[in-house]
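Thanks for coming. I will talk through one structure, starting with a ligand site and ending with the enclosed space.

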Amino acid sequence: MSSQRTIKAAVLGAGTVGSGVCRLAQDLAGEFVNKTGANFEIKKVLVRSLAKEREGIPREVLTDNWKEIIDDPEIDIIVELMGGIEPAKTYVLEALRAGKQVVTANKDLLAEHGKEVMDAAEQAGVDLQFEAAVAGAIPIIRPLKQSMAGNHITEVMGIVNGTTNYILTKMTESGMSYDDALAKATELGYAEADPTADVEGYDAGRKIAIMASIAFNSRVTFSQVYTEGITKITADDIKYAKEFGYVIKLLGVARNTESGIEVKVHPMLIPENHPLAGVNDSINAVFVHADAMDDAMFMGRGAGQMPTASAVMGDIVDVCRNIVNGCCGRVGCSCYKILPVKEIGDTSSKFFLRIQAADKAGVLANIASVLGNNNVSIAQVVQKSRKSGTAELVIITDEVEERHFNDAVTILRGMSVVSEISGVIRVY
Ligand code: NAP
Ligand code: HSE
């Protein structure tokens, strides 16, 4: 082994994560050769604006010219931390086709164009590693692909968005407003450049698509994931959930069933004593169930500068080891099956339903009969408040096929005695 070899990389992006990776590279400089058998140098950092001050990144490594990187034969590893689809996709494909190893945290790219980039990596015989794309610092891609390869995985479920978990935690624990909690999550570097992706469940949807593809060995794209975010969750939903002994979390759920893959993201009431109920702030947690292994849970910081940089640097170390040992491209795409993905209406859930209805005799019976006629069985019902002729009803249903539940809600919305359906949330 040549102990003095230096492996050179370019980092694309010097934002939250990119600057964290540059910092870690400096921190690890003295130990890199012990960890990998080679030294490591970040030769170039690609940014949009050369005018911005970049603390801890020497000015001479900064460039706004991709050609300077892709045409440099000394650069072996491209670390893509710009985010978004373009130009990230073009740069990643060009890098792979040029025989460079790629590390990325870009779930948008992988969840929509995973097949194209995985195929390009396979054809070139190079590494494409993306541990940071799902659940920040938590090791989950490598365990799903490698440590659990001896299993048939049937379920992957968890809290995989730090921003929304932070917002829901602050709304629940300190009564913070949604807007204030989102502003704080953005300030802490958890939120995406456009936080719509976080709060509408798209970010979690991309992560669950990536995990489902690996876990079930069959490609699931983001467009196949049902997504529902947290923007409609109110302080009243949180308060009533608490009274029933639940907390509200945004969950990603993927199941491999006999009739196809179920893959969805939505807020959910989970019992206060469930292990996920205590996963707060920007912490993420992923449960995996598999035939031989049984259950495993992975938990840690799912967002933020240094936790995400930690996962990126773990991939860089692994790629450097592969380069030194001449075994890049060893672990490639694992989607060797083609399984159907179910429509949301064909999956089943329990529901929490909050209804504002006329406060008069027979209304509850009418509502119960609409639910019953659509195969929706009531598990609990409570009348919460009575104001100016209106009663607030909170109902928890038994498990029901979602299309039957939706049919019932459509009828309820059209009833003259129902003034509003104020909340519909799935229940664990
Ligand atoms: P960010 O703070 O917005 O940084 C993006 C960086 O990319 C900036 O330095 C920007 O340059 C550069 N950039 C963007 N478009 C570019 C272009 N066309 N050409 C050159 N440079 C360009 O983003 P981030 O939070 O670090 O996220 C980076 C990636 O990590 C994303 O894929 C994200 O989803 C993923 N990720 C983030 C976290 C997190 O907690 N933040 C966690 C896990 C994964 P300028 O500075 O000049 O604008
Ligand atoms: N915006 C993401 C989150 C960053 O809040 O979890 C990590 O992917």
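Ligand 2 and the cavities

Two helices, H7 (162-173) and H10 (202-216), each contribute at least two residues to the shell around ligand 2. Keep in mind that this is a predicted model.

The residues surrounding ligand 2 include Lys107, Asn161, Gly162, Thr163, Tyr190 and Ala191. Also among them are Glu192, Asp198, Asp203, Lys207, Gly302 and Ala303. Sorted by class, that shell holds 5 charged, 4 polar and 3 nonpolar residues.

Now the polar contacts. Thr163 places a polar side-chain atom 2.6 Å from an oxygen atom of ligand 2. The side chain of Asp198 has an N or O atom 2.7 Å from a nitrogen atom of the ligand. For Lys207, a side-chain N or O atom is 2.8 Å from an oxygen atom of ligand 2. How much of ligand 2 does the protein bury? Alone, ligand 2 exposes 260 Å², and 93% of that is buried by the protein. The space that ligand 2 takes is the largest pocket.

On to the cavities. There are 2 cavities of 30 Å³ or more, and the largest has a volume of about 180 Å³. It is lined by 14 residues, with Leu128, Gln129, Lys145, Gln146 and Val331 the closest to its centre.

Which elements supply that lining? Strand S6 (128-129), helix H6 (141-147) and helix H12 (305-325) each give at least two residues to the lining of the largest cavity. H6 gives the most, with 4 residues. By class, the lining of the largest cavity has 7 charged, 4 nonpolar and 3 polar residues.

That is all I have.

Terms used
Residues are numbered from 1 along each chain as its sequence is written. Chains are lettered from A and ligands numbered from 1 in the order in which they are written. This is a predicted model: local features need pLDDT of at least 70, side-chain atom pairs count only at pLDDT 80 or more; totals for chains, interfaces and linings use all residues. Side-chain values use heavy atoms; hydrogens and water are left out. A residue is near a molecule or strand if one of its heavy atoms lies within 4 Å of it. A polar contact is a pair of N or O atoms within 3.5 Å; within protein, one must be able to donate a hydrogen and the other to accept it, and residues adjacent in sequence count only if both atoms are side-chain atoms. Accessible areas come from the Shrake-Rupley method with a 1.4 Å probe; for residues, only the protein chains shown count as cover. On a 1 Å grid over the protein atoms alone, a cavity is a set of points where a 1.4 Å probe fits but cannot get out, and a pocket is an open set with protein on both sides within 12 Å along at least five of seven lines; lining residues have an atom within 4 Å of a point. A molecule sits in a cavity or pocket if more than half of its atoms lie within 2 Å of its grid points. Ala, Val, Leu, Ile, Met, Phe, Trp, Tyr, Cys and Pro count as nonpolar, Asp, Glu, Lys and Arg as charged, and the others, Gly among them, as polar. Grid points are joined across faces, edges and corners, and a volume is the space filled by probe spheres set on the points.
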